[in-house]
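User: I would like a close look at one charged residue and the pairing around it, followed by how the rest of the chain is arranged. Please define the terms as you go.
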Amino acid sequence: MTEIDKVFKALADPSRRKLLDSLHAKNGQTLGELCNELNMARQSVTQHLGLLEEANLISVERQGREKLHYFNPIPIHEIYERWIRKFERPHLEAMHDLKTKLERK
């Protein structure tokens, strides 16, 4: 499985997207904080975090006995660059051309 496949697989699950949203809102959360935020069992959250870490969507830093989880936006930006941005350009150019034509009239 390629790196981008791991990212898409990780993003396919709503619970993992909620975890990423939670980390985006407040980076550096512990497992306990994430469990409370999502009302999920520790084991479930741990499994989801493992897949997110494998996809490089989060990084983990040990602080004493706890692990802090941080959102890594780079893989999502890479998806944007590869799969979204190139499809936006023609639409934006068409809207710009239409605006220019309408303003001339």
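What is the relative accessible area of Glu 81, and does that make the residue buried, partly exposed or exposed?

Analyst: Glu 81 has a relative accessible area of 33%, so it is partly exposed. The scale behind that word is simple: buried means under 20% relative accessible area, exposed means over 50%, and partly exposed lies in between, with a 1.4 Å probe and protein chains only. The model is predicted, so local features need a pLDDT of at least 70 and side-chain atom pairs count only at pLDDT 80 or more, while totals for chains, interfaces and linings use all residues. Residues are numbered from 1 along each chain as its sequence is written, and side-chain values use heavy atoms, leaving out hydrogens and water.

Glu 81 forms a salt bridge with Arg 85, and their closest N and O atoms are 2.9 Å apart. A salt bridge here is a side-chain nitrogen of Lys or Arg within 4 Å of a carboxyl oxygen of Asp or Glu. Side chains of opposite charge can pair when their charged atoms come close. Arg 85 is also partly exposed, at 38% relative accessibility. Both residues sit in helix α5 (residues 74–104), 4 residues apart, which means that about one helical turn separates them. An α-helix has 3.6 residues a turn, so residues three or four places apart point the same way.

The structure holds 4 salt bridges. One of them joins Lys 6 and Glu 3 at 3.5 Å, N to O; these two are 3 residues apart in helix α1, again about one helical turn. Another joins Glu 33 and Lys 26 at 3.0 Å, N to O. Glu 33 is partly exposed at 30% relative accessibility, and Lys 26 is partly exposed at 43%.

Lys 6 leads to the packing of α1. Together with Val 7 and Ala 10, Lys 6 is buried in that helix. Seen down the axis of α1, the buried residues fall within an arc of 100°, so they line one face; the arc is that of the directions from the helix axis to the C-beta atoms. This face packs against α2, α4 and α5, where contact means heavy atoms within 4.5 Å.

In α4, the buried residues are Val 45, His 48, Leu 49 and Leu 52, whereas Gln 43 and Gln 47 are exposed on the other side. Three of these names return in the largest nonpolar core, where Leu 19, Val 45, Leu 49, Leu 52 and Leu 57 touch the most other members of its 17 residues. Such a core is a set of buried Ala, Val, Leu, Ile, Met, Phe, Trp, Tyr and Cys residues joined through side-chain atoms within 4.5 Å.

As for the whole chain, there are 5 helices and 2 strands, in the order α-α-α-α-β-β-α from the N terminus on. Helices (H or I, at least four residues) and strands (E, at least two) are DSSP runs, numbered from the N terminus. Of the 105 residues, 27% count as buried. The C-alpha atoms fill a box of roughly 65 × 30 × 25 Å along the principal axes.
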